[in-house]
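Trainee: Could we go through this protein together, one question at a time?
Mentor: Gladly! Have a look at it first.
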Amino acid sequence: MTQKVAVLGTGKIGEALLSGMIRAGWAPTDLLVTARRQERAEELRTRYGVTPVSNAEAAKTADTLILTVKPQDMGTLLDELAPHVPADRLVISGAAGIPTAFFEERLAPGTPVVRVMTNTPALVDEAMSVISAGSHASEADLAHAEEIFGAVGKTLRVPESQQDACTALSGSGPAYFFYLVEAMTDAGILLGLPRDKAHDLIVQSAIGAATMLRDSGEHPVKLRENVTSPAGTTINAIRELENHGVRAALIAALEAARDRSRELASGKKD
């Protein structure tokens, strides 16, 4: 792999992407990084053998720029990059809510932009990365983005109009599962279990359930029904979940996340 790739604003997700790419076969000498703090940049050099550079140098040198800064910092970064980014550079954005048009308006005419929404399981190579093309991105650009993000999990192409919904479902999705595990752990303690045992029971159950969802080919309703025997413990629990409106609450929560993604796109910060 001879193309140079730069990760700009290398936080946790950016670092996960770097380490995944190296495991997938990229040479560290072909990977550039930028970081706000010099000590962070040197830490990445020491850990992975990558090359720290300035944002301007990354724009001039790399064939692909992956922008992983926070959405509210993206405008400032683009102002810094724009004078240095030739129109043949592939720009990949990992910022929630920001459309490809935002980048195309600020970069050289014809610059290919790909929008990617990944999530924190990239840290364990189990990410779900959703990829959309800007108006100038080619099939080769999309394939290159898939190659990069495929190093840390699964990828899925969608029209950009569906990105806000995907952000709500998978971008924020891990937090919902962590929240559920937290609540179930508290329930286990209430039922008389030590916290560590409750945690182990729930985590392994979650791993097993997720594996069945992925590998069985069965609809989740069918899998749930297989656990739910007549007049048993599970159906009593399900009844309480329905009585408390858990399904409706989840739908409302995801709608709120989607709406916030749209607000970020419009520049609203608060």
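Trainee: What percentage of the area that the protein exposes do carbon and sulfur atoms supply?
Mentor: Keep in mind that this is a predicted model. The protein exposes about 14800 Å². Of that area, the part supplied by carbon and sulfur atoms is 58%.

Trainee: How many strands does the protein have, and how many helices?
Mentor: Try tracing the chain from end to end. You will pass eight strands, and the helices number twelve.

Trainee: What is the volume of the second largest pocket?
Mentor: Let's start with what surrounds it. This pocket is lined by 29 residues, and among those closest to its centre are Ile-13, Gly-94 and Met-117. Elements that give two or more residues to the lining include helix H1 (12-24) and strand E6 (113-117). The volume of the second largest pocket is about 540 Å³.

Trainee: Is Thr-120 buried, partly exposed or exposed?
Mentor: First find Thr-120 in the loop between E6 and strand E7 (127-133). Its relative accessible area is 40%. Buried needs under 20% and exposed needs over 50%, so Thr-120 counts as partly exposed.

Trainee: Which residues does Thr-120 touch, not counting residues up to four places away in sequence?
Mentor: Here the fold brings in residues from elsewhere in the chain. For example, Gly-171 is 51 residues from Thr-120 along the chain, with 8.0 Å between their C-alpha atoms. As for touching, leaving out residues up to four places away in sequence, the partners of Thr-120 are Ile-13 and Pro-174.

Technical notes
Residues numbered from 1 in each chain as written. Predicted model: local features only at pLDDT ≥ 70, side-chain atom pairs only at ≥ 80, totals over all residues. Heavy atoms only, no water. Helix = DSSP H or I, 4+ residues; strand = E, 2+ residues; numbered from the N terminus. Areas by Shrake-Rupley, 256 points an atom, 1.4 Å probe, with all protein chains shown as cover. 1 Å grid on protein atoms, 1.4 Å probe; cavity = no way out; pocket = protein on both sides within 12 Å on 5 of 7 lines; lining within 4 Å. Points joined across faces, edges and corners; volume = space filled by probe spheres on them. Buried < 20%, exposed > 50% of the residue type's maximum accessible area, 1.4 Å probe, protein only. Contact = heavy atoms within 4.5 Å.
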